[in-house]
Amino acid sequence: MTQSHERLLIIDFGSQVTQLIARRLRELNVYCEIHPYNRVNDAFLRDFAPKAVILSGGPDSVTREGSPRAPEALWSFGVPVLGICYGQQTMMQQLGGMVESGHGTAEFGRAFVTPANGDLSILAGWFEEGREQVWMSHGDHVSQIAPGFEVYGTSPNAPFAVTADVSRNFYAVQFHPEVHHTPKGAKLYENFIKLAGFSGDWTMAGYREQAIAAIREQVGSDHVICGLSGGVDSSVTAILLHEAIGDQLTCVFVDHGLLRKNEAADVVKMFRDNYKIKLIAADESDLFLGALEGVSDPEVKRKTIGKLFIDVFQKYANEIEGAKFLAQGTLYPDVIESVSFSGGPSVTIKSHHNVGGLPEKMGLKLVEPLRELFKDEVRALGRELGLPASFIGRHPFPGPGLAIRCPGEITREKLAILQEADAVYIDQIRKHGLYDEIWQAFAAILPMKTVGVMGDGRTYDYAVAIRAVTSVDGMTADTYPFSHEFLGETMTRIINEVKGVNRVFYDLTSKPPGTIELE
C-alpha cells in the first residue's frame, strides 16, 4: 500500500528507542519502515528501494565476532546513510575504521557536543550558542574513523561524536538525536531528509485515499466484520472500512458490563447516528458478570474475560452471512514488536487492539488498515475522517475494562459505585480543562471499607482511589501534579454525589515501579 510513497529504511540493531526514529520522521511527513538487520540483505534493499537509510543504535558490540552488520550492498547503493550510535560504529568498522571497547570512554546520559572542521549540512541550525546538548548511551567508541570521513563534532568522551563522508553522503553520530534529551535532534533529522531529497509526501489525506483503494482491492465483493470497542483504534478502523466498502461491513459491539458509565449507549449512538454502519450491539453483561462472580485473582479475571469475548464475538460473527474478513485495529508498534531485531518471540498485543485467536477459529482473512500507523497518526487519520474530537482524544481504556479497576471480587454494587465515582472524577478533569493534558485518568474501587462520619452519623463505606498519569507511549508514566485545591474539590464531589463512598485516595505511584492500572 505504500509503494507510491518515497520511502526511508531504518535498519534496526535492537535499540530500545528505534521506534522514536520512525516517529520523528513520520512527523516530518516521511514514510519509513523499521526492519531488523538480519532481514535486510542485498535483495531486500533492491526491492524496498529506499531513498535514504538510517542505521539504529543497539546493545551489542561491533568488536564481538558475529555481531550485527549492515548489508555490504548498502555502501554502494548510492543513497544517503545516517548511522546512530551502534549504527555509527558498524559504519566505521565496515568501511575501514576502528572501534574499541572500554578505556574509560563510555558515556551514558547528557553530554555536550562542540563543532569541528567547518559546517555540515545535517548540522544546519546547530551550535548557535557554541555547543549543543545531546544524549549519549554507549560503551564502545570509535578510535579511528574510516577513510574519507572527517570529524564535525566532538564531546569530552567521544572525539568522533559527528563524522561524515560528504562525497558519499554517509553521516554518523555517536549520540541519539531521536530522544527529547537531544533538543535539536529533530532538526538533524529534518536536515538529513532534506539533503536526501524527500518531498514530504506522507500525509493522512494521501494515506486515507490509498488505504481505501487497498481495502477495496483486498475485499472485493465479500463481507467484513469488525470488533468495535469504542476506542480510537477500532473506531477509526470501522469508519475507514465503511468509507471503503459501505454495507459490506458489519461491526459487533460487545457490552461486557465492565464499561464506564453510559459508554455502551454513547458508542452505539455515535455510530448509528453519524455513520449508519451496520452494528450488532450485544448486551452480554449477565454472561460476563456471572462468570466473574467470586473471582478475585487478576489473571483469572483477564483470562475469563478474554475467553468469553472470543466466544461471544464468534457467536455473533457466525450470524453474518458471507463474512470472509475480520478487521483489526493493529498498529505499527504491534507489527514492529512482533518481529524483534534478534528474531525473538512476538510481544502479546492488548486484547482491545485486536481479537486474538479468531481468524484461525473462524477461517477468516485479516484486514488491518492501520498496521502502518503510529497511535498519533491514527488520531490524525480519525480527524481526517471526521471522527468527533471527543472520541479521537479519549484516554486509553483496558480490554478487561473496570474489572481491573476493581481489585478483589467484582460485584454489581461495586461496579455501580465505581462507574459513578469515575464519572464524577472525569467530569471534574474536563471542567478544569485538564483532560487533554493527561494520558490516562480513572477511579478504582478498593477492596476495603473504612469508617467515616457524615452529618451526625457513622458510616462504613468503600474507599476509592483516583489516578492520573502523563506519558508518551504508556511504557513509563508520571503522576499528574493536581493542585491540592483540585483534589479537595474532587474528593468532596465524589463523597457527596456517590452513595457508598466515604474516603478518596490519590495514587502518586509512577510507572515504574507501579503499573498504570491497578491490576
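Trainee: Which residues does the UniProt annotation "binding site" cover?

Mentor: In the UniProt record, which is an unreviewed entry, that annotation covers Ser229, Gly230, Gly231, Val232, Asp233, Ser234 and Ser235. Please keep in mind, as we go on, that the structure above is a predicted model.

Trainee: Where does Ser229 lie, and why is Ser229 called partly exposed?

Mentor: Ser229 lies in the loop between strand 12 (223-227) and helix 6 (232-245). Its relative accessible area is 30%, and a residue counts as buried under 20% and as exposed over 50%, so Ser229, with its 30%, is partly exposed.

Trainee: Which residues does UniProt list for "active site", and how do you know whether they are gathered or scattered?

Mentor: The record, again an unreviewed entry, lists Cys85, His176 and Glu178. They span 94 residues in sequence, yet no two of their C-alpha atoms are more than 11.3 Å apart, so we conclude that they gather at one spot.

Trainee: What makes Cys85 count as buried?

Mentor: Cys85 is found in the loop between strand 4 and helix 3 (86-94), and because its relative accessibility is 4%, set against a limit of under 20%, Cys85 counts as buried.

Trainee: Is Glu178 buried or exposed, and what is Glu178 in contact with?

Mentor: Glu178, which is found in the loop between strand 11 and helix 4, has a relative accessible area of 0% and is therefore buried. Leaving aside neighbours within four places in sequence, Glu178 is in contact with Val17, Leu20, Ile21, Arg24, Ile84 and Tyr189.

Trainee: Which residues of helix 4 are buried, and what covers them?

Mentor: The buried residues of helix 4 (residues 185-195) are Gly185, Leu188, Tyr189, Asn191, Phe192 and Ile193. What covers them includes strand 1 (7-12), helix 1 (18-27), strand 3 (52-55), strand 4 (81-84) and strand 11 (170-173). Just after helix 4, Gly197 takes a positive phi of about 85°.

Trainee: Which residues other than glycine take a positive phi?

Mentor: Among them are Asn29, with phi near 65°, and Lys276, with phi near 55°. Asn29 lies in the loop between helix 1 and strand 2 (31-36), while Lys276 is found in the loop between helix 7 and strand 14 (278-283).

Trainee: Why is Lys276 called exposed, and why is Asn29 called partly exposed?

Mentor: The relative accessible area of Lys276 is 60%, and the word exposed is used over 50%, so Lys276 is exposed. Asn29 stands at 33%, in between the limits of 20% and 50%, and therefore counts as partly exposed.

Trainee: How many cavities are there, and what makes such a space a cavity?

Mentor: The count comes to 1 cavity of 30 Å³ or more, and about 40 Å³ of space lies in the largest cavity. It is called a cavity because a 1.4 Å probe fits there but cannot get out. The lining consists of Gln88, His141, Val142, Ala158, Pro159, Phe160, Ala161 and Gln174, and strand 10, with 4 residues, gives the most to that lining.

Trainee: How do the lining residues of the largest cavity divide by class?

Mentor: They divide into 5 nonpolar, 3 polar and no charged residues.

Trainee: How much space lies in the second largest pocket, and which residues are closest to its centre?

Mentor: About 450 Å³ of space lies in the second largest pocket. Of the 19 residues that line this pocket, the closest to its centre are Arg260, Lys261, Arg394, Ile426 and Arg430. Helix 14 gives the most to the lining, with 6 residues, and by class the lining has 6 nonpolar, 4 polar and 9 charged residues.

Trainee: Which residues touch the most other members of the largest nonpolar core?

Mentor: Of the 95 residues in that core, Phe271, Tyr425, Ile429 and Phe482 touch the most other members. A second, separate core of 38 residues includes Ala111, Leu123, Ala161 and Tyr171. In soluble globular proteins, nonpolar side chains tend to be buried together.

Conventions: Residues are numbered from 1 along each chain as its sequence is written. This is a predicted model: local features need pLDDT of at least 70, side-chain atom pairs count only at pLDDT 80 or more; totals for chains, interfaces and linings use all residues. Side-chain values use heavy atoms; hydrogens and water are left out. On a 1 Å grid over the protein atoms alone, a cavity is a set of points where a 1.4 Å probe fits but cannot get out, and a pocket is an open set with protein on both sides within 12 Å along at least five of seven lines; lining residues have an atom within 4 Å of a point. Grid points are joined across faces, edges and corners, and a volume is the space filled by probe spheres set on the points. Helices (H or I, at least four residues) and strands (E, at least two) are DSSP runs, numbered from the N terminus. Ala, Val, Leu, Ile, Met, Phe, Trp, Tyr, Cys and Pro count as nonpolar, Asp, Glu, Lys and Arg as charged, and the others, Gly among them, as polar. A nonpolar core is a set of buried Ala, Val, Leu, Ile, Met, Phe, Trp, Tyr and Cys residues joined through side-chain atoms within 4.5 Å. Buried means under 20% relative accessible area, exposed over 50%, partly exposed in between (1.4 Å probe, protein chains only). UniProt positions are given in the numbering used here, feature names are shortened, and annotations may be inferred rather than shown by experiment. Contact means heavy atoms within 4.5 Å.
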